[in-house]
Amino acid sequence: MAFTSFGAFLAMGGHGPYVWAAWGVTALLMVACIVHARFERRQLASAVKRRARRGDRHPPHQARHADDT
Amino acid sequence: MTQGQKATSTILETPVPGGLWVAFTATLKRDVTLMFRRRGELLNPLVFFALVITLFPIGISPDRAVLALIAPGLLWVAALLAALLSLDSLFRTDYDDGSLEQMLLAPQPLAALSLAKVLAHWLLTGLPLALVAPLLGVTLALPLGSYAVLALSLLLGSASLSLIGAIGAALTVGIARGGVLLSLIILPLYIPVLIFGVGAVQAAVIGEGVAAHLAMLGALLAASLLLAPWAIAASLRISING
Amino acid sequence: MWTFIHKWGSPKWFYAISAKVQPWCWAVSLILIATGTVWGLAFTPTEVNQGQGDSFRIIYVHVPAAFLAQSVFVSMAAASLVFMVWKVKVADMAATVMAPFGAVMTFVALFSGAVWGVPTWGTWWMWDARLTSMLILLFLFLGVIALRSAFTRREGGSKAASVLAMVGVINIPIIKYSVDWWFTLHQSATFTLTSRPLMPMEMWLPLLIMVLGFYCFFIALTLMRTRSEILRREIDKRWVRDLIKEAQ
């Protein structure tokens, strides 16, 4: 351990605000990336489900083209 | 490939005497002529260059010592912006009237034809900018002895700027109001040219050797000459065919 | 080689295989980042920093983010190349989702660098070589994103963004070199943030762990978002609908 107490850990030898600002913004943005990705995925999954329900009645025209990868 | 296509392609590939060179010079001549027909537009970059330079003594200070200090950077940045402004029209009219599509269909490689267009653009914007820059340098109290280097660095640098900028112009030609986007994608790529261009002039001002900077500008020009035509051609194909 | 590329190029195959790989990437990245965070923040002795105080602990987010930002651009350009040469659509989907993440990482590197500058240089911003290159990289990312979204047809946007990514990746070393050169010419600061002679092991080992963790995070997030992008673009394909039917 580089610090003697939790208070010293938070203070970072007087550099606390800088260290925690940099780490905080990094953590915030990385978590935001994950949250956004999960949100996007859930939305698309429900869109696909909706489309699948409708698609049974109206086959979408794209299905005629074979896999054009 | 069907029989008919094969036949046409053989006809097209039949070597015409000096085919590529003829097409290159023809494109060059055509573009220069067209640009001369719109003389007002031809002067715009130069007027813009002079105007921007006028803004700085007013905005910062008319003090000759201050101006002399920042003159190399100012002249280069202003010339760079002037060159950037003229880029949007590089392929625009040809795109609008359909002659760009003709160019795509031509049997000669598109890269060579686009190189001719860029050359025409440089002859009528980069070259005049480089020639006018020393005059504007006088108004900014640019120290003596750096005028030739200023013109030479702009001569070399603006050619790279035209080549790199043409990639952006080709990418954005199909986009309505692509002007701001063009600056956004091209300006970061201009930074090395700016650094070595200004570096050359500053070295001349303080009396150091300028050969290294000019050599770097030459290297950048050689690299862009080698690579940019292909990127321009690919970008034009994308803009036209989607 | 060909079969390999075409297999990876099939969205369906990629969708299936990435589902298996993805949880591992998340797990590894989480473990590495957690280890690096605890180690770097609490256990690396303060004495290793050569007179910067504890502000040196910013290095554990600044350097991984800066490394990753550049690697994301290179990966994006590589994916663009694969897309342009072999017409692999999955590569383009990956390139699409990489760009915003790269911009975020570049911003993280810039922000942490600026914050670090306050105790080190006494100012929020210094035109230091690394920060300047990072700023230019941010503009390059924004340019690629803007160009892609400016096209009304997706196909055109994809190809244009690919060309720009490839042009940009050729330019990155040139920009980096010229900015370094420019900075040494005008150098007013006595030292840059992270270029010091030899880092003691207690300092660089957690840094290495953090860098690896960030890379795994990038891979995991890219896999996840590429899967979403596949659904978005292939929503009308039969295999996607079959997939949903199976799940129900």
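This note goes through a predicted model, chain by chain and then feature by feature.

1. Chain A is built from helices, for it has 2 helices and 0 strands. Of its 69 residues, 28% count as buried. The surface that chain A exposes comes to about 4,600 Å², and carbon and sulfur atoms supply 62% of that area.

2. Chain B likewise has 0 strands, and its helices number 10, so that a reader who follows the sequence from start to end meets the pattern α-α-α-α-α-α-α-α-α-α. Of the 242 residues in chain B, 51% count as buried. When the box is taken along the principal axes, the C-alpha atoms of chain B fill roughly 75 × 35 × 30 Å.

3. On the surface of chain A there is a patch of positive charge, in which Lys49(A), Arg50(A), Arg53(A) and Arg54(A) gather. One of these residues, Arg54(A), lies in helix H2, which covers residues 16-55 of chain A. The relative accessibility of Arg54(A) is 44%, and because this value falls between the limits of 20% and 50%, the residue counts as partly exposed.

4. A second surface patch is nonpolar and is made by residues from chains B and C, namely Leu184(B), Phe139(C), Leu142(C) and Ile145(C), with an area of about 280 Å². Which helix gives the most to the nonpolar patch? That is helix H5 of chain C, residues 129-150, with 3 residues. Leu142(C) has its place in helix H5 of chain C, and this leucine is partly exposed because its relative accessible area is 36%.

5. For chain C, an unreviewed UniProt entry lists residues 21-43, 63-86, 98-119, 131-151, 163-183 and 203-223 under "transmembrane region", and two of these spans can be set beside the model. Residues 98-119 of chain C are 100% helix and 0% strand, and the C-alpha atoms at the ends of the span lie 33 Å apart. Residues 203-223 of chain C are also 100% helix and 0% strand, with the end C-alpha atoms 31 Å apart.

6. Two residues deserve a look for their backbone angles, given that most residues other than glycine have a negative phi. Arg177(B) has a positive phi, near 55°, and its place is in the loop of chain B between helix H8 (147-172) and helix H9 (179-205). Is Arg177(B) buried or exposed? With a relative accessibility of 79%, Arg177(B) counts as exposed, because the value is over 50%.

7. The other residue is Lys87(C), which has a positive phi of about 55° although it is not a glycine. Lys87(C) lies in a loop of chain C, between helix H3 (59-86) and helix H4 (89-121). The relative accessibility of Lys87(C) is 48%, and therefore this lysine counts as partly exposed.

8. A last point concerns distance along the chain and distance in space. Leu205(C) lies in helix H7 of chain C, which covers residues 201-233, and at 24% relative accessibility this leucine counts as partly exposed. How far apart are Leu205(C) and Arg238(C) in sequence, and what is the separation in space? The two are 33 residues apart in sequence, while their C-alpha atoms are 49 Å apart in space.

Key. Residues are numbered from 1 along each chain as its sequence is written. Chains are lettered from A and ligands numbered from 1 in the order in which they are written. This is a predicted model: local features need pLDDT of at least 70, side-chain atom pairs count only at pLDDT 80 or more; totals for chains, interfaces and linings use all residues. Side-chain values use heavy atoms; hydrogens and water are left out. Patches are made of residues with over 30% relative accessible area and no salt bridge: like charges are joined within 9 Å, nonpolar side chains (Val, Leu, Ile, Met, Phe, Trp, Tyr) within 5 Å. Accessible areas come from the Shrake-Rupley method with a 1.4 Å probe; for residues, only the protein chains shown count as cover. A salt bridge is a side-chain nitrogen of Lys or Arg within 4 Å of a carboxyl oxygen of Asp or Glu. Lys and Arg count as positive and Asp and Glu as negative; His and the chain ends are not counted. The place of a charge is taken as NZ of Lys, CZ of Arg, CG of Asp or CD of Glu. Helices (H or I, at least four residues) and strands (E, at least two) are DSSP runs, numbered from the N terminus. Buried means under 20% relative accessible area, exposed over 50%, partly exposed in between (1.4 Å probe, protein chains only). UniProt positions are given in the numbering used here, feature names are shortened, and annotations may be inferred rather than shown by experiment.
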